[in-house]
Amino acid sequence: MSAAANITIHASQFPENVRRDLLASLRTRRVNHKFLYDSVKKTQKWLTLHQAYSPTRNDADCRTTYQKSFAAAAAQIKSRRVRVIGLGCGGGQKDTRLLKLLKGRGKEVFYRPCDVSTAMVLTARRTALAVVPEKNCSPFVCDLATAEDLGKTIREGRRVGDPNDPRTATRRPSQNLVTFFGMIPNFEPEQILPKLASLLRRRHSLLFSANLAPGGDYAAGMKKILPQYDNPLTRDWLMMFLLDLGVERRDGGLRFAIENGRFGLRRVAARFHFRRLRRIEMEGETFNFKGGDSIQLFFSYRYTPERLRTIFHRYGLEIREQWIAKSGEEGVFLCGGTSEEGR
Ligand SMILES: C[S@@+](CC[C@H](N)C(=O)[O-])C[C@H]1O[C@@H](n2cnc3c(N)ncnc32)[C@H](O)[C@@H]1O
């Protein structure tokens, strides 16, 4: 591995835009999830939390569920070259397992790890280099929530050597497989689904996973999974955002609750409730949080397979196959665009 890495950074993560988004998070009292991952320390805390609680790390059946979905997604790739675009790649472990499988099937593999965090794309790149040649790996830092030109940028922001790059002399057709693992729950559906639809073209497919509310009773399923969020490692990770801004733990308390969201969905939300006045000064602006005020740090929508199918369909995204873990708490879904908009 060379001592330097080339990374493309989208304007959504230029410092002036990150500052704008941080001020917006404080003004609206709803934190853009990207600020939970935007430093090496927060990335490390999330990776530790993920290692401890993620079903893909700790539940053999959940790992098998992903493996089955990878095999099915790989089987429908007909071209010899394939590019995996890992949106919100995190540490890149899942994408690397998929890339390994594709390589094992004789494919020439290319990887574009995309994440809001530079530390994450570098971690994903390092993980993937066990399988992908360095020249075929093109990390991309981008805020999926605010980038309006996502499809265009991801399709055009290619490096020489990339199979779809017009500059590549021996250009041969390749297929793109977009992955979106563990991301759907942390976005408002109306914000992210049009973007995913715009990314998918005839030769593209999307493999994504979602945390689910288990069982036939949605409300009871939500109650069952609530304790999964309320644990010391998650609290520690979420609190980093406020502590970095000068908030002290004794200023208030973090509470987790089930809330109603759009499209009849429910979600788990974490809010910090202030017990006393805390003043935050930033960029010449003062933010006063009085006792009784709160700020939303995190939310996670829990879908059911039926709700996913219906809501995706509204945005021209057709779920073609699904693999649900025995626990009923996680599923992987394969889909392609149906409408012109989705191509
Ligand atoms: C729950 S993790 C999922 C990581 C990985 N896909 C997995 O399944 O292990 C969420 C990831 O999304 C990234 N992320 C959060 N908000 C984002 C945004 N607005 N745009 C791009 N990436 C974002 C985080 O940096 C983090 O790596």
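Which polar backbone atom lies 2.9 Å from a nitrogen atom of the ligand? The backbone atom belongs to leucine 144.

## Model and confidence

This is a predicted model, in which local features need pLDDT of at least 70 and side-chain atom pairs count only at pLDDT 80 or more, while totals for chains, interfaces and linings use all residues. Residues are numbered from 1 along each chain as its sequence is written, and side-chain values use heavy atoms, with hydrogens and water left out.

The average pLDDT (the predictor's confidence in each residue, from 0 to 100) is 89 for the protein, and 92% of the residues score at least 70. Residues 337-343 have a pLDDT below 50. Beyond near neighbours in sequence, that stretch makes 19 contacts in the model (heavy atoms within 4.5 Å).

## Ligand surroundings

Around the ligand there are 19 residues, counted when one of their heavy atoms lies within 4 Å of the ligand. Those that come nearest are Gly88, Lys94, Asp115, Asp143 and Phe181. The shell consists of 11 nonpolar, 4 polar and 4 charged residues. Here Ala, Val, Leu, Ile, Met, Phe, Trp, Tyr, Cys and Pro count as nonpolar, Asp, Glu, Lys and Arg as charged, and the others, Gly among them, as polar.

Oxygen atoms of the ligand also have polar partners (N or O atoms within 3.5 Å). A polar side-chain atom of aspartate 115 is 2.5 Å from a ligand oxygen, and a polar backbone atom of glycine 90 is 3.4 Å from a ligand oxygen. On its own the ligand has 590 Å² of accessible area, of which the protein covers 94% (Shrake-Rupley method, 1.4 Å probe).

## Cysteines

The count of disulfides (pairs of cysteine sulfur atoms within 2.5 Å) is 0. For cysteine 89, the nearest cysteine sulfur is that of cysteine 114, 6.9 Å away. For cysteine 114, the nearest is that of cysteine 142, at 6.8 Å.

Cysteine 89 is buried (under 20% relative accessible area, 1.4 Å probe, protein chains only), at 10%. Cysteine 114 is also buried, at 1% relative accessibility.

Technical notes: Buried means under 20% relative accessible area, exposed over 50%, partly exposed in between (1.4 Å probe, protein chains only). A polar contact is a pair of N or O atoms within 3.5 Å; within protein, one must be able to donate a hydrogen and the other to accept it, and residues adjacent in sequence count only if both atoms are side-chain atoms.
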